[in-house]
Amino acid sequence: MPQSIANFREQLLNFWNKFDKKQKIQLTVIAILVFISISLLVYIANRPNYVVLYSNLSLKDAGIVVEKLKSDFKVPYKLSDNGTTILVPAQYKDEIRMKLATEGIPQGGFSFQDAMNNSLSTTDQERRQKYLYFVQNEIQNSLKTIEGVQDAIVNIVVPDQNAFVLSNTTNQATAAVMLTLKPGATLTPSQVKGIIDFVSKSVEGLKPENVTVIDSTGKILTPESDSIAENASNQFALQKKVQEDLQNSLQTLLEQVFGPGNVVVRANVRLNFDKKTEDRIEYTPVQGNDNKGIVRSVQELKEKATGTQSGSPPGQPTNNPPVYNQQNNNTSSYDKTETTINYEINQIKTTLVEAQGKIESISVAVVVNKPLNASMQQQIADLVANAAGGNNVKVSVQGIPFNQDLLKAMQAQKKVAQGMPIYLWGIIAALAVGGGLVAFLMIRRRKTKEVIPPAEEEVLATAEPVEEIVITEKDEKKKQIEKLIREKPDIVVQLIRTWLNEE
C-alpha cells in the first residue's frame with residue numbers, strides 16, 4: 001500500500017512538471033474556480049427553503065410565536081412585512097403549526113372559550129355580546145381566506161331583545177364590513193354578493209340588504225355591476241364570434257374550390273337581443289261523457305217550515321205558499337232545497353320566452369381572384385346562402401383579380417432570408433478562423449524569440465537561392481511572385497515560417 005501511494009505521488013509530480021510556470025498558474029486558478037463553484041452549488045442545494053408559517057399576525061401573536069420558536073422549538077426563522085409574517089424552514093412548518101395549535105397559538109382575537117367562559121354574575125346581555133364578538137371574529141378570519149383580501153373588519157349591531165310586550169321597537173340587525181385588498185386585487189360583483197350572503201347567513205335575523213361592504217378607500221362594493229355596459233359587451237362579443245365562425249366556415253368551403261388565397265369572404269350577422277315574453281291561455285272543451293268537468297265548489301241551501309193554519313182574516317188573501325201539505329189538524333210544512341255547483345273551466349296557460357341572440361339577418365360578400373360569368377356568380381351565391389342557413393341571407397359575389405404585388409415582394413424577401421444563413425455561416429466560419437489565427441500570433445509574440453530549429457536550417461541551406469526579383473512595374477511583380485509560388489512552393493513556405501519566427 002505505501003509503495004502504491006509513492007508511485008501515484010511520483011506519477012502526479014511527473015505530470016505536474018510537464019507544464020511550464022504559466023500553465024501551472026492557469027491550472028491552479030481553474031482548480032480554485034471549480035472548487036468555489038462546487039462549494040456554492042452545495043451551499044445553495046443545502047440552504048434551508050423558508051416558507052410562510054403565519055402571515056398578517058398581530059404584533060402580540062407574532063411575539064408569542066417567535067418566543068416559542070426560540071425557546072421551545074429551537075428552529076431558525078425569518079420575519080417580514082414589519083414582523084407580521086413569520087417564515088421557517090419547510091421541513092418544520094407542519095410540525096410547528098400542529099404544536100402551536102394545540103396550545104391555542106396564535107390566538108387571533110376573541111375565541112370561543114372566551115365567549116363561553118362566563119361566571120354566575122354574567123348577565124344574558126353580556127353573554128350575547130360575547131357571543132357576538134366571537135361571531136365577528138370568525139367572520140373576519142373567514143373573509144381573510146378569500147383570494148385578494150388582505151384584512152377584514154366586521155362590525156355587527158343586533159338590537160336588544162326587549163321582552164316588553166308594548167314595545168314598538170322595530171330595529172333590525174345590521175352589519176358593516178371593511179375589506180383591505182391586496183395591491184392590484186379587485187373583487188367581482190359575484191364575490192361581493194357571496195360575502196354579503198355569507199355575513200347575513202352567519203347572524204340570526206340579519207338580512208342581506210342590511211349588510212354594507214366597503215374597501216379601504218371607503219368605496220362601497222355592490223354585488224350589482226353596470227348591467228347595461230356588461231350586456232352590451234357580451235352582445236358585441238357574441239355577434240363577433242358568430243361572424244368569425246361563419247366567415248371561417250365559408251372561407252374554407254370556397255378555398256376547396258378555388259384554392260387557398262384566391263377567395264376573400266366577409267360576413268355581417270345581425271342578432272336580435274330583444275327579450276320577448278308571451279302568455280297564452282287556451283280554453284278546451286270538457287272531457288268525459290257527462291260533459292260536466294271538474295267540480296270546484298258546491299253550495300246547498302235548505303229551507304224547512306212547519307205551522308198551524310186556522311184561516312185568513314176577513315178581506316185578506318192567504319199568506320201560505322201555493323204548495324203545502326195540509327193535514328186534518330190544520331198543520332202545514334214547507335221544504336225548499338237549492339244546490340249550486342261550480343265547475344272548473346279547462347284551460348291551458350303557456351308562457352313563451354324567446355331566446356335572446358336570435359339571428360335576424362345575414363349578409364355575405366365574396367370576392368374571387370378571377371373573372372366570373374353570371375352563371376358562376378349565381379352558383380356561388382346559392383352555395384353560400386345554403387351554407388349560411390338559407391333564410392334571410394343576402395349574398396354578393398364578385399370576380400376581381402387580386403393585387404398580389406405585396407405578396408410577391410414578401411415571397412422574394414422570404415427567399416432571400418432563407419438563403420442568408422449559408423452566407424452567414426461562411427462569414428462566421430471565416431471570422432472564427434481569422435480570430436484564432438490572430439490569437440495564435442499574439443501568443444507567439446509574447447513568447448521569447450526562439451532560434452530556428454536545425455531541421456529548418458538544413459532545408460534553408462539546401463534550398464536553391466532565390467533570384468532577386470526586379471520590380472519594374474506592378475504587373476511584372478505580380479507575375480514573378482505567382483511564378484515563384486507555382487514553381488518553388490517549398491521555398492516559399494520555409495521563407496514564411498522564418499518571417500514568423502523572426503517576429
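# Helix α7, a three-stranded sheet and strand β7

Me: How do you know that helix α7 has the span expected for its 14 residues?
Reply: Expected span is 1.5 Å times one less than the number of residues. For α7, residues 189-202, that gives 20 Å, and the end C-alpha atoms are 20 Å apart, so the two agree. Helices here are DSSP runs of H or I with at least four residues, strands are E runs of at least two, and both are numbered from the N terminus.

Me: What kind of model is this, and how are residues numbered?
Reply: It is a predicted model: local features need pLDDT of at least 70, side-chain atom pairs count only at pLDDT 80 or more, and totals for chains, interfaces and linings use all residues. Residues are numbered from 1 along each chain as its sequence is written, and side-chain values use heavy atoms, without hydrogens and water.

Me: Why is Ser200 called buried?
Reply: Buried means under 20% relative accessible area, exposed over 50%, partly exposed in between (1.4 Å probe, protein chains only). Ser200 has 4%, so the word applies. Ser200 lies in helix α7.

Me: What does Ser200 touch?
Reply: Contact means heavy atoms within 4.5 Å. Leaving out residues up to four places away in sequence, Ser200 touches Leu206, Lys207, Pro208 and Val211.

Me: Which residues of α7 are buried, and how do you know that they share a side?
Reply: Val192, Ile195, Ile196, Val199 and Ser200 are buried. They cover an arc of only 125° around the axis, so they are on the same side of α7. The arc is taken from the directions from the helix axis to the C-beta atoms. Their cover includes α6 (124-144), β5 (173-181) and β6 (206-215). Exposed Ser190 and Lys201 sit on the face turned away from the buried side.

Me: What makes β1 and β2 edge strands?
Reply: Strands pair if DSSP finds at least two bridges between them. The open sheet has three strands in the order β1-β3-β2, paired antiparallel. β1 (50-54) and β2 (78-80) each have a single partner strand, so one side of each lacks a neighbour in the sheet.

Me: How many bridges join β1 to β3?
Reply: Four bridges join β1 to β3 (residues 85-89), and the two run antiparallel. Tyr50 has Pro89 of β3 as its bridge partner.

Me: Which residues of strand β7 form its covered face?
Reply: Val263, Val265, Ala267, Val269 and Leu271 do; Val264, Arg266, Asn268, Arg270 and Asn272 form the uncovered one. In a regular strand, side chains alternate between the two faces of the sheet.
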